[in-house]
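Visitor: Hi! Could you walk me through this protein? I'm new to reading structures, so plain words please.

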Amino acid sequence: MTNLDDQMHLEGSDLRDAQRCALETYYRETNFDYCAIWRSNLTRARHFGFHYRGPFDHHRAVARASAELAESAGVAKGTRVLDCGCGLGGTALWLARNRGALVAGIDLLDHQVESAKAAALQRGLASRANFVCGDAADTGLPDGSFDVVLIQEALCHLPDKSAFYAEARRLLAPGGRLVVAEYMRTSRVVSAEAENTLRRWCEGWAMPGLWTTDEHTEAARRSGFGQTLIVDESDAVEASLRLLYRNCLVFGPLNYLLHAVGLRSDVTQANISASRLQYEAFRDGLWIYGKLTALAET
């Protein structure tokens, strides 16, 4: 008979495997939408962009997000960075090219890692940006091997967020910095209707759930981080959120029609609905775009 620790490990392993399968399905079936609507084939990114004033340009906003996170993390030439949930490699490649950082990207999905590797080779950045397939909450990488651990709109996909914070602390050298850019609930106490909106958004984007700002701060503290701060960057991403919302309003009716005749899958249908719900939930004050920074104290 397995003991309780073994049973919990198996349950955790099963949970991670199930989430990996969900993400594989989600990103495979929504790839066309991300390329057509979000230009991910050009930006190498599926995350939101930062924008403050003037006409909105999605490509520049995505690059601005990378620049802002680099500033928050103090990334400079030679800084050893781990980009968790690196996806197609957009942020990692930006840091390698524009900051001269030495970046390792880790992602659960093989096809995204291979795509990021190919992009690094094509851009002449393979010596400064390396990509591996693995779990950001259990990397197997050496203790204290990074100056910065960064995770951008990917912690939402991890079923065990506490494990990620503990792993990030282990991986950081003394004085290293953690930066988390994430959707964060404003409260656990909401109406049944609001909770349903958040649930449908999370399900449509293959997210097990969202934490509150207090829950993120407490997990960082328990993992041994100090000087933890969360900055609300909602104003910076609002134009990007609104762009996605408008695109869903425009293309939504066609998507529903194609879904009804079997030309679009349930996953793409749920993704379009979730992309609309995220902005409605944001507008109703149910979540913020938080940027957490924390120091791995000596």
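Guide: Happy to! Let's start with Leu257, which sits in helix 10, residues 234–260. Keep in mind that this is a predicted model.

Visitor: Okay, so is Leu257 buried or exposed?

Guide: Leu257 is exposed, because its relative accessible area is 53% and the cut-off for exposed is over 50%.

Visitor: Which residues make a nonpolar surface patch with Leu257?

Guide: Leu254, Val261 and Leu263 join Leu257 there, and the patch covers about 430 Å².

Visitor: Where does helix 10 bend?

Guide: The bend is at Phe251 and comes to about 50°. A proline, Pro253, follows within four residues. Just after helix 10 you can also find Gly262, which takes a positive phi of about 85°.

Visitor: Switching topic: how many salt bridges are there?

Guide: The count comes to 16 salt bridges. As background, side chains of opposite charge can pair when their charged atoms come close.

Visitor: Can you show me one? What does Arg170 pair with?

Guide: Arg170 meets Asp143 in a salt bridge, with 2.4 Å from N to O. Arg170 lies in helix 7 (residues 161–171), while Asp143 lies in the loop between strand 3 (129–133) and strand 4 (146–152), so the pair ties together parts that are 27 residues apart in sequence.

Visitor: And how exposed are those two?

Guide: Asp143 is exposed, with a relative accessible area of 57%. Arg170 counts as partly exposed, at 28%.

Visitor: What about Arg188, which residue does it form a salt bridge with?

Guide: That partner is Glu215, and the closest N and O atoms are 3.0 Å apart. This pair links distant parts of the chain, 27 residues apart: Arg188 is in the loop between strand 5 (172–185) and helix 8 (192–204), and Glu215 is in helix 9 (residues 213–222). Arg188 is partly exposed at 43% relative accessibility, and Glu215 is partly exposed at 27%.

Visitor: Back to helix 10 for a moment. Which residue there forms a salt bridge with Glu238?

Guide: Arg242 does, with 3.7 Å between N and O. Both residues lie in helix 10, four residues apart, which is about one turn of the helix.

Visitor: Why do residues four places apart point the same way in a helix?

Guide: An α-helix has 3.6 residues a turn, so residues three or four places apart point the same way.

Visitor: Nice. Are Glu238 and Arg242 buried or partly exposed?

Guide: Glu238 is partly exposed, with a relative accessible area of 26%, and Arg242 is also partly exposed, at 32%. Elsewhere, salt bridges that share partners join Asp143, Glu167 and Arg170 into one network.

Visitor: Let's look inside. How many cavities of 30 Å³ or more are there?

Guide: There are two cavities of that size, and about 640 Å³ of space lies in the largest one.

Visitor: Which residues are closest to the centre of the largest cavity?

Guide: Of the 43 residues that line the largest cavity, Tyr27, Arg46, His47, Glu153 and His157 are the closest to its centre. Elements that give two or more residues to the lining include helix 1 (4–29), strand 1 (80–84), helix 5 (90–99) and helix 11 (266–283). Helix 10 is also one of them.

Visitor: And which helix gives the most to the lining?

Guide: Helix 2 gives the most to the lining of the largest cavity, with four residues.

Definitions and conventions: Residues numbered from 1 in each chain as written. Predicted model: local features only at pLDDT ≥ 70, side-chain atom pairs only at ≥ 80, totals over all residues. Heavy atoms only, no water. Patch = residues over 30% accessible without salt bridge, like charges linked within 9 Å, V, L, I, M, F, W, Y side chains within 5 Å. Areas by Shrake-Rupley, 256 points an atom, 1.4 Å probe, with all protein chains shown as cover. Salt bridge = Lys/Arg side-chain N within 4 Å of Asp/Glu carboxyl O. Buried < 20%, exposed > 50% of the residue type's maximum accessible area, 1.4 Å probe, protein only. Bend = angle between axes of the 7 residues up to and from the residue. 1 Å grid on protein atoms, 1.4 Å probe; cavity = no way out; pocket = protein on both sides within 12 Å on 5 of 7 lines; lining within 4 Å. Points joined across faces, edges and corners; volume = space filled by probe spheres on them.
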